[in-house]
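Reader: I am new to this structure and should be grateful for a close look at a single part of it. Would you please take the strand that seems most useful as a starting point and describe its surroundings?

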Amino acid sequence: MTVTISRSGAIGTITLDRPPVNAFDEAQADEFATAVAELGSDTGVRAIIVGSAATVFCAGADIAMLDSWRARPDRGQRLEKFCRRLQDAFAALEALPKPTIAAIGGAATGGGFELALACDFRIALGTAKIGLPEVGIGLLPGAGGTQRLTRLVGPGTAYRLILGAELVDGTTAERLGLVQWAVDDVADAASALAERLADLPPAAFAAAKRCIDAAHTDGGYGMERTEIGTLIQTKETARRLDRFISG
């Protein structure tokens with residue numbers, strides 16, 4: 001197994017474990033998708049951390065695998081299929097209604113950073129190297145990076161990182177908005193955040209996430225009204241409002 005899952009209370013963890021740099025091949029992409037589905041459907045898991053068993057978070061696609069296709073007449077189709085595999089796995093992660101956290105304790109490049117972009121929250125070591133350098137080897141980010149990064153930080157910063165094939169450290173990544181936090185201890189920070197998020201009412205978190213995702217659509221304001229009207233009728237919201245009012 002190159003991807004493992006574990007649970008501790010309400011916190012589930014997906015750990016990438018394919019030495020030396022957790023580079024994705026076809027098997028690991030499938031294992032990751034399975035892990036996302038398993039923890040995503042587990043009602044006892046209320047927050048998910050994605051981390052690494054190695055110093056490196058994830059170096060993206062396995063370049064040796066891509067190179068092994070060089071002489072194949074269907075290499076283009078194979079790469080498209082592989083990209084679709086990763087896109088689908090990361091889209092499933094992004095769509096989860098529960099909090100997801102990328103714990104970036106080392107380099108997150110290419111598909112590794114594309115994975116992190118699919119998480120709700122990103123915590124990085126201040127010295128971690130982060131970016132989408134694929135253009136430098138004649139390719140481009142193919143697992144959602146051109147889309148998610150542009151939506152996250154706008155085309156200017158996306159141009160800088162993707163077209164410039166630039167890697168930045170975690171501290172710079174925080175300044176640019178690529179990650180929310182740059183810290184000295186990623187594991188502790190991710191655990192503390194996961195514990196706090198797991199205590200939030202799941203229905204309110206999921207509804208708020210849907211509204212944020214609809215921010216650039218015509219239906220966002222209407223969605224806010226509908227979602228909040230639904231939430232006010234739930235027992236969980238009533239309980240928390242009573243607790244808030246009583247001090």
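Author: The account below begins with strand 6 and then turns to the pockets, a second sheet, and a few individual residues.

The model is predicted, and the values given here are computed from it.

Strand 6 covers residues 121-125. Four of its five residues are buried, so strand 6 is largely enclosed by the rest of the structure. Strands of a sheet pair through backbone hydrogen bonds, either parallel or antiparallel. Strand 6 pairs in the parallel sense with strand 4, residues 100-104, over four bridges. Within this pairing, arginine 122 of strand 6 has alanine 102 opposite. Strand 6 is also joined to strand 9, residues 181-183, by three bridges, and these two strands run parallel. Here leucine 125 has valine 183 of strand 9 as its bridge partner.

Strand 6 also takes part in the lining of the largest pocket, to which it supplies at least two residues. Rolling a probe the size of a water molecule over the atoms shows where empty space is left. In the largest pocket this space comes to about 720 Å³. The lining consists of 23 residues, and those closest to the centre of the pocket are Glu94, Asp120, Leu152, Ile212 and Asp213. Besides strand 6, helix 3 (75-95), helix 5 (145-163) and helix 8 (202-213) each provide at least two lining residues. Helix 8 contributes the most, with five residues. By character, the lining holds 13 nonpolar, three polar and seven charged residues.

The second largest pocket encloses about 330 Å³ of space. It is lined by 20 residues, and Ala61, Leu66, Glu134, Leu139 and Leu140 are the closest to its centre. Helix 2 (63-68), helix 3 and helix 4 (111-117) are the elements that give two or more residues to this lining. Helix 3 gives the most, with four residues. This lining divides into 13 nonpolar, five polar and two charged residues.

A further sheet may be described in similar terms. It is open, has three strands in the order 5-7-8, and shows mixed pairing. Its edges are strand 5 (108-109) and strand 8 (167-169), each of which pairs on one side only. Strand 5 runs parallel to strand 7, residues 129-131, and two bridges join them. In this pairing, alanine 108 stands opposite isoleucine 130 of strand 7.

Several individual residues complete the picture. The count of disulfides is zero. Cysteine 58 is in no disulfide, and the nearest cysteine sulfur, that of cysteine 119, lies 11 Å away. A disulfide requires two cysteine sulfur atoms within 2.5 Å, and the 11 Å between the sulfur of cysteine 119 and that of cysteine 58 is therefore too far for a bond. Cysteine 58 counts as buried because its relative accessibility is 0%. Cysteine 119 is likewise buried, with a relative accessible area of 5%.

Asparagine 22 lies in the loop between strand 2 (11-16) and helix 1 (26-41). With a relative accessible area of 1%, asparagine 22 is buried. Its side chain reaches the backbone oxygen of phenylalanine 57 at 3.0 Å.

Technical notes:
Residues are numbered from 1 along each chain as its sequence is written. This is a predicted model: local features need pLDDT of at least 70, side-chain atom pairs count only at pLDDT 80 or more; totals for chains, interfaces and linings use all residues. Side-chain values use heavy atoms; hydrogens and water are left out. Two strands pair if DSSP finds at least two bridges between them. On a 1 Å grid over the protein atoms alone, a cavity is a set of points where a 1.4 Å probe fits but cannot get out, and a pocket is an open set with protein on both sides within 12 Å along at least five of seven lines; lining residues have an atom within 4 Å of a point. Grid points are joined across faces, edges and corners, and a volume is the space filled by probe spheres set on the points. Ala, Val, Leu, Ile, Met, Phe, Trp, Tyr, Cys and Pro count as nonpolar, Asp, Glu, Lys and Arg as charged, and the others, Gly among them, as polar. Buried means under 20% relative accessible area, exposed over 50%, partly exposed in between (1.4 Å probe, protein chains only). A polar contact is a pair of N or O atoms within 3.5 Å; within protein, one must be able to donate a hydrogen and the other to accept it, and residues adjacent in sequence count only if both atoms are side-chain atoms.
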